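The following exercises are to be solved with the sequence and the coordinates at hand. Each task is followed by a worked solution.

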Amino acid sequence: MTDKKTKYQEVAYYPGCALEGGGHAYNRSTKALGKKLGLKLKEVDNWNCCGAMEVKNIDPKLQTYLSSRVMSIAANKMGMDTVMAPCNGCYHNLKKAEYDLANDPESVEVVERLSKKSGHDTYQAGQVETIHALDWVKETIGEEGLKERVKNSLKDMKIANYYGCMYTRPRHIFPEKDQGPGSESTSKPHFMDDLLEAAGAENVEFPLKTACCGGAHTLSDSDTSTKLVLNILQAAEASGAEVIATECPTCHSGLEMHQIRAEATLGVKTNVKIIYFTQLLGMALGLKPKQVGLHENVSDSFAFVKEKGLA
Amino acid sequence: MPIHEKSLIRPENLHVQEQKEVEGVDVSGHWSTFIETRVVSDYNEALQEEIEALPGGENIHRCWQCGSCTNACTVHAINPEFNPRYWIYLIRMGMESELLRDKDIIWQCVSCNKCTYACPRDVVPEAVMKATAHWLELKGHTPKSHSTIFDEVFSEQVFETGKIEDGRTIKQYFKRTGQKFPPNWMVTMVLSLLRNLPVSLLTRMGLATLIAPKTSDWSKSREAIKEYVAEQEAHHRKALGLDELVRAAENEIQEARS
C-alpha cells in the first residue's frame, strides 16, 4: 500500500456547491494553497450536489445516491483513488455514503437502481477514499514541511480552532479517526491546531471546538442559530482568541452572518475575526490576502492581517 | 452523567388556594396544594410502527432510555423543553396526545449529531427527530415547518439541476415562507461584503443567480430521483394510513352537510 504522503499528492477535488457560492473564499484559498505546496487537484468532472444537510430530510438514501455519483465519477471516469472535499458537509456525506454502501444492503440496492437508470457506473464501496482538506495538508506536507516553508510566521496570533459538527460526528462513519497517535480525534480534533501551530500561531484552549453553530437552521430558525453562534464567538473571545479558524463553509458563513445578526438583534458585539485555515496557511506561506480570497469573506479582516504583518 | 428528568406535573394541574380553611385550620397558599390527576387513555398503539416506517425512524425500538441523547443535545441546552429521550419514550408507549404537546418544537433539531455520537444503542436519535417532525406534518398535526420548506426548496433545486446556487435558494425560501426579503440584518451583511469585493466577482455572483449552475447530462438522474421520491411518498402514505384518514374526513364533512 502506498503511503498517504504519496497517495495524496494528486487527488480528485470536490469543491461542492457552497465553494462555488458563498464559500468561494475557501475554494480560492484551497486551490492557491495546493498550488503553493505543489499538490495537484483534479476537479471531479461534472459533479453534482452531495445533498448537503437538506436532501437527507427528504430521503437519506437519495443523499447516499447523490454522494455516490460524485465518487463514481472520480473512480470510474477519472481513475482516481482519493477524493478531497474541503467542505465539511460534502466530506461528511461522502463518508456517510461510503459507510452505508459498505454496511446497508438497502442503500446498495437503491444506489444501484438509481445509477443504472441514470446511465452511469454504480459506485462500489472502497473504490475511493474520501479525505478532508485538513488530512490532505497534514499528510502530504505535515508540520515539519510547513515549518520549512513559512515566510510570514503567524506569531503572536491567538487562534481558536473551530471544527464544527460534521467533521467528527457520528464517529462510525470515520473509521480512520480515534486510532491512536497520528490519527484525528473525534472528541478533541487537532489537525487544524497542529498545522496552524506549525505556521507559528498560538492556539488557545478552546472548549467549543466541535460545538454546533446551528448551520442546518441558519435561516429557518435564525434565533436559535444566533444564540449558538454567539456562544461560540464569546467563548473564543473568553479563551483569549483573536481569530476563529474555520474549515467548513457552512460554519464559516454561519459565524459571519450571525455575528452581524447578534449585533443587530441582540445588541451584542464581538470582535473576534473569522478566517478559513487555508487562508491563514496561505498567508503564512507568503500569499497575498487577495490571493487567498480575504476580500470574499463577509467579515473584514484586512486591518487585522496587516497589523499581524501578513499583508 | 445526569439523566434529565421530565416533570409530569404541569403548572395548570397545580391548584393552590390563596384563602382556605379546613376544619378551623388555616391552609392558605402552599398548604392547600392539590395536584389534579393526570389520565392518559388515548393510546395510539401503532405510533412506534408509524415512526419506524418513515426514513430515520427505523431504529427507535432499540432505545433503552439512558438519556444520553438529551444530555448531549445542543438544543436542549438552550431550551430544556426539547427532550429527545422523553419523546422517544412517548412514541414507544404510544402516548400520542402527550407527544402533541411538544409538536411545535420537535422540528428544531439542528442535526449536530451529538446524540447519535453519544447513543450506546444506535437509535440515531437525530434521524428519529426528523422522522417525528415529518410524521407530525404528514398527519396534519403541524403545518410544514420553515425547516421543511427550506429542505424542500433546496432539494427541488438539486433534483432539478444537480446543483445549488445559494442566492436562488435563499430567495425562493423567503418567498415560500411569506417572509420579508431581504431581512434587515441580511442587508447589513451584504453591504459589509460589498466593501471589499471587486466588480468582476460581483458580476460573476450576479450572473450565478440568473443562470443557475447545472450538472450536465442530468435528465436521466432527475427522472430516476423523481420516480423514487414518488414511490417513497406513496409508501409513507400507506404506512401512516393517510388515504383512510382523508376518506374518513371527507365522509364526516358529507354527513355534516346532509
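**Exercise 1. Determine how far apart the two domains of chain A lie and describe the contact between them.**

Solution. The model is a predicted one.

Step 1. The C-alpha centres of domain 1 and domain 2 of chain A are 23 Å apart. The domain assignment places domain 1 of chain A at residues 4-132 and domain 2 at residues 151-307.

Step 2. Domain 1 of chain A contributes 22 residues to the contact, and domain 2 of chain A contributes 26 residues.

Step 3. On the side of domain 1 of chain A that touches domain 2 of chain A, the elements giving two or more residues are helix H2 (16-20), helix H3 (24-37) and H6 of chain A. H3(A) gives the most to this side of domain 1, namely 9 residues.

Step 4. Sorted by class, this side of domain 1 of chain A holds 9 nonpolar, 9 polar and 4 charged residues.

**Exercise 2. Assess whether the radius of gyration of chain A agrees or disagrees with that of a compact globule.**

Solution. Step 1. For 311 residues, a compact globule would have a radius of gyration near 19 Å.

Step 2. Chain A has 19 Å, which agrees with this expectation.

Step 3. Along its principal axes, the C-alpha trace of chain A spans about 55 × 45 × 35 Å. Of the 311 residues of chain A, 60% count as buried.

Step 4. Among the contacts in chain A between residues at least 6 apart in sequence, 77% join residues at least 24 apart. The secondary structure of chain A comprises 14 helices and 8 strands.

**Exercise 3. Examine helix H7 (residues 105-118) of chain A: compare its span with the expected value, and establish where its buried residues lie.**

Solution. Step 1. At 1.5 Å a residue, the 14 residues of H7(A) should span 20 Å, and the end C-alpha atoms are 20 Å apart, which agrees.

Step 2. The buried residues of H7(A) are Ser107(A), Val108(A), Val110(A), Val111(A), Leu114(A) and Ser118(A). Viewed down the axis of H7(A), these buried residues fall within an arc of 165°, so they line one face of the helix.

Step 3. On the other side of H7(A), Pro105(A), Glu106(A) and Glu109(A) are exposed.

Step 4. The packing partners of the buried residues of H7(A) are helix H5 (60-77) and helix H6 (88-103) of chain A, together with helix H12 (219-239) of chain B.

Step 5. Gly119(A) follows H7(A) and has a positive phi, near 80°.

**Exercise 4. Characterise the side of chain A that touches chain B.**

Solution. Step 1. The contact joins 45 residues of chain A to 51 residues of chain B.

Step 2. The elements that give two or more residues to this side of chain A are H2, helix H4 (55-58), H5, H7, helix H11 (222-238) and helix H12 (249-266) of chain A. H12(A) supplies the largest share, 5 residues.

Step 3. By class, the residues of this side of chain A divide into 20 nonpolar, 14 polar and 11 charged.

**Exercise 5. Decide how far helix H8 (residues 133-140) of chain A is enclosed by the rest of the structure.**

Solution. Step 1. The residues Ala133(A), Leu134(A), Asp135(A), Trp136(A), Val137(A) and Lys138(A) of H8(A) are buried.

Step 2. Because 6 of the 8 residues of H8(A) are buried, this helix is largely enclosed by the rest of the structure.

Step 3. H8(A) is followed by Gly142(A), whose phi is positive, near 70°.

Key:
Residues numbered from 1 in each chain as written. Chains lettered and ligands numbered in written order. Predicted model: local features only at pLDDT ≥ 70, side-chain atom pairs only at ≥ 80, totals over all residues. Helix = DSSP H or I, 4+ residues; strand = E, 2+ residues; numbered from the N terminus. Rg over C-alpha atoms; globule rule 2.2 N^0.38 Å. Buried ≥ 20, exposed ≤ 12 C-beta atoms within 10 Å, placed from the backbone. Contact = placed C-beta atoms within 7 Å. Expected span 1.5 Å × (residues − 1). Arc of directions from axis to C-beta. Domains from an automatic or database assignment. Nonpolar A, V, L, I, M, F, W, Y, C, P; charged D, E, K, R; others polar.
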